[in-house]
Amino acid sequence: MTTSKTRERGAAIDIRNATKRYGSFTALDDVSLHIKPGEFMTLLGPSGSGKTTTLNVVAGFTDLTSGELSVGGESILGVPAHKRNIGVVFQHYALFPHMTVGKNVAYPLTLRGIEKGEREKRVRRALDMVKMADFAHRYPSELSGGQQQRVALARAIVFDPPLLLMDEPLGALDKKLREWLQLEIKRIHRELGTTFVYVTHDQEEALVLSDRIAVFNQGRIEQVGTGRELYDEPATLFVGKFIGESTTLRGNAETSGGETSLTVAGQRIVASNKLANGAKPVILLRPEKLSLAPGNKPQADSQNSLTGNISEAIYLGSGSKYQVTLRDGSVAIVRAPLEAQQFAIGDEVDLRWHISDCKLLADDERADLTLT
Amino acid sequence: MSQTIDTTAPGGSGPRQANGVAAQPRRWRLAAYPSLLALPAVLLLIAAMAYPLLTIVSRSFSEPEWGLQNYVWFFSTDVNIQVLLRTFSISAWVTLVCVIAAYPYAYLMTVVGPRMRLVLILCVLVPFWVSGVVRTLAWVILLQDSGVINSVLKAIGFGGVKLIRTPTGVVIGMAQVLLPFMILPLYSVMRGIDLRLVQAARSLGARPALAFWQVYLPLSLPGVFAGAIIVFILALGFYITPALLGGPRSTMLSTLVQSQVLSLLNWGRGGAMGVVLLVSTFILLALAAPLMRQRHKQASRS
Ligand SMILES: Nc1ncnc2c1ncn2[C@@H]1O[C@H](COP(=O)(O)OP(=O)(O)OP(=O)(O)O)[C@@H](O)[C@H]1O
Ligand SMILES: [Mg+2]
């Protein structure tokens with residue numbers, strides 16, 4: 001835990017063409033992921049997408065059907081879990097109920113034969129780091145969920161592993177506590193310099209914590225990138241819909257020259273990019289890129305416009321959120337700043353956005369199915 | 001055997017029946033006195049346990065005349081002391097054999113799939129449905145000098161072993177009869193142990209055997225203790241199995257009681273033996289209690 005030489009302490013992880021099958025079911029389908037030393041990588045995806053499987057493969061609890069896995073440049077396939085020296089934090093804490101907090105945190109040090117004085121020093125330092133030093137003599141059942149999870153975190157870092165895996169560690173906690181612990185985890189990551197691999201299905205949590213995010217869907221990685229990249233430049237419709245709020249529009253497409261035009265609900269709109277190989281396009285729009293104008297006002301040439309009616313208006317304090325039902329029945333979500341004109345339910349409005357903010361993605365019915 | 005079961009399980013189904021019948025017309029009265037729900041079980045216990053027990057205690061002090069003569073007789077007769085000690089040592093061996101046999105079995109029950117688990121539970125319960133006498137006679141067939149076990153041993157080139165009418169034979173037979181009482185409490189505790197704890201121990205650097213020893217075993221101990229106490233107490237009062245499988249050198253106290261009361265019609269001495277067994281059982285339980293209490297506290301923490 002020498003904070004002076006951070007960053008060198010984290011291990012790089014290289015997962016190459018990892019496939020895991022359970023009978024005929026493929027839980028991981030040719031997954032490749034490179035994680036840099038000291039990076040905070042989040043595996044994000046809906047339930048059953050293979051996040052835990054990936055983590056279990058790295059931790060050594062699950063064997064790969066095929067593929068390569070190395071940590072710190074060395075292949076660890078076939079190395080048993082207890083020899084991998086990787087910290088793991090579980091969703092349900094997995095603290096030993098028959099040991100006190102202090103004994104729990106000391107456990108990995110005892111296993112490594114570290115003598116008593118040094119052991120106590122390191123237990124105290126780890127508990128200090130998670131702000132649980134006063135609880136060393138309590139039993140896990142005498143702690144709240146958040147406190148238990150902090151102890152579990154201390155136990156996973158006390159032996160200085162170069163890599164820490166966390167499987168939805170905050171999943172069982174309420175929102176306020178979760179938000180606070182997210183910041184704590186971020187701070188601890190910064191102080192330790194260890195590589196963190198974090199699993200969640202909460203996209204906001206992923207955005208708060210991560211250096212980069214790998215988006216999982218049905219056993220495959222759809223995209224790896226920073227939160228901003230995933231939000232602004234989603235590679236697939238699934239990623240676009242999973243990260244942040246969005247509106248999708250579908251219509252008949254025509255391509256001419258560099259641009260594609262679509263007919264949505266009888267009105268023509270233009271997109272700035274075009275799709276290769278003639279895939280069926282879908283438009284993905286972010287709520288803050290949309291604006292509303294009273295019906296039938298003229299628009300600028302660089303803008304697209306669709307007519308609809310306000311079907312829901314929500315005051316958010318920092319602004320307003322509207323649902324606009326378009327003529328073809330599809331619903332758009334708009335975030336308007338406070339200073340923008342306010343509308344009421346039933347008002348006819350024009351939904352507008354810049355052509356450059358309008359991105360075409362290949363349509364994919366899986367994107368809707370898996371978002372339940 | 002059935003007597004000792006009553007002491008450990010104070011009337012499970014009685015209260016529920018009382019609720020269904022009596023609660024309908026006069027709910028308000030039952031609600032005011034919830035302890036009334038225990039009434040049928042209490043009455044049964046008084047009739048079936050307290051009354052005979054008191055009779056036995058009083059007769060042990062009063063027959064043939066008032067005084068301690070029956071107890072003086074018991075403790076001054078070497079055979080009685082020998083049999084008492086043997087009763088405890090055979091019961092302890094039976095408990096040990098049951099723990100060793102039941103532990104892996106109960107563990108297996110927690111890790112297999114639901115269908116296999118059903119098969120395993122049936123294997124435990126089916127012997128329950130067969131009368132104890134029949135099961136013990138089956139052991140006579142297996143254990144006797146020309147029985148199955150000895151024939152097999154001879155066939156593969158070993159000399160025979162004397163099993164029938166030895167303490168070993170008694171221990172084997174009793175352990176088989178009592179095994180379910182060990183497996184079921186063990187299973188119910190093991191089922192509640194989170195196997196992810198073992199995974200956690202592995203991730204922290206414990207090899208599998210160590211993870212078992214330091215994490216799984218301590219958490220399963222409440223089940224071991226619960227099962228051990230039940231088996232031990234039931235074994236102390238065993239009659240049929242030691243009588244049929246044992247010989248003169250493996251007589252247990254219940255056999256002596258039986259011969260005093262039924263053959264010699266000496267209720268005083270028989271009663272004194274029963275009281276001695278009861279009191280020494282209580283003493284042993286009291287000694288084991290601190291250990292148990294500690295374990296229970298830990299279990300409730302998980
Ligand atoms: N031992 C197993 N046998 C069969 N199928 C399994 C096994 N373990 C996992 N799976 C399947 O593999 C898929 C991926 O599971 P995994 O636990 O990795 O999902 P996840 O992304 O962690 O989901 P969640 O967010 O719900 O935890 C699931 O469909 C699951 O049913
Ligand atoms: Mg999971």
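Among contacts in chain A between residues at least 6 apart in sequence, what percentage join residues at least 24 apart? The figure is 68%, and it goes with a predicted model, so to speak, as do the other values in these legends.

**Figure 1. The whole of chain A, a chain of 372 residues.** Start here to get your bearings before zooming in. Chain A holds nine helices and 21 strands. If you follow its C-alpha trace along the principal axes, you cover about 80 × 45 × 40 Å. Of the residues in the chain, 53% count as buried. On the outside, chain A exposes about 16,400 Å², and 49% of that area is supplied by carbon and sulfur atoms.

**Figure 2. A close-up of the largest cavity in the model.** Now for the holes inside. The count comes to three cavities of 30 Å³ or more, and the largest has a volume of about 60 Å³. Who lines this one? Look for A:Val89, A:Gln149, A:Arg150, A:Leu153, A:Met166, A:Pro169, A:Leu170, A:Leu181 and A:Ile185. Two elements of chain A give two or more residues each to this lining: helix H4 (145-157) and helix H5 (175-192).

**Figure 3. The same lining of the largest cavity, sorted by residue type.** Seven of the lining residues are nonpolar, one is polar and one is charged. Going by the residue names, A:Gln149 and A:Arg150 are both part of this lining. Helix H4(A) provides the largest share of the lining, with three residues.

**Figure 4. A close-up of the second largest cavity.** Let's move to another hole. The second largest cavity has a volume of about 40 Å³. Around it you can pick out A:Ile15, A:Leu33, A:Ile35, A:Leu43, A:Thr54, A:Leu55, A:Val58, A:Leu165 and A:Val197. In this lining, eight residues are nonpolar, one is polar and none is charged.

**Figure 5. The strand and the helix beside the second largest cavity.** Which elements of chain A each supply at least two residues of this lining? They are strand E2 (25-35) and helix H1 (51-59). The largest share, three residues, comes from H1(A). As you trace the lining, A:Thr54, A:Leu55 and A:Val58 are among the residues to find.

How values were computed: Residues numbered from 1 in each chain as written. Chains lettered and ligands numbered in written order. Predicted model: local features only at pLDDT ≥ 70, side-chain atom pairs only at ≥ 80, totals over all residues. Heavy atoms only, no water. 1 Å grid on protein atoms, 1.4 Å probe; cavity = no way out; pocket = protein on both sides within 12 Å on 5 of 7 lines; lining within 4 Å. Points joined across faces, edges and corners; volume = space filled by probe spheres on them. Helix = DSSP H or I, 4+ residues; strand = E, 2+ residues; numbered from the N terminus. Nonpolar A, V, L, I, M, F, W, Y, C, P; charged D, E, K, R; others polar. Buried < 20%, exposed > 50% of the residue type's maximum accessible area, 1.4 Å probe, protein only. Contact = heavy atoms within 4.5 Å. Areas by Shrake-Rupley, 256 points an atom, 1.4 Å probe, with all protein chains shown as cover.
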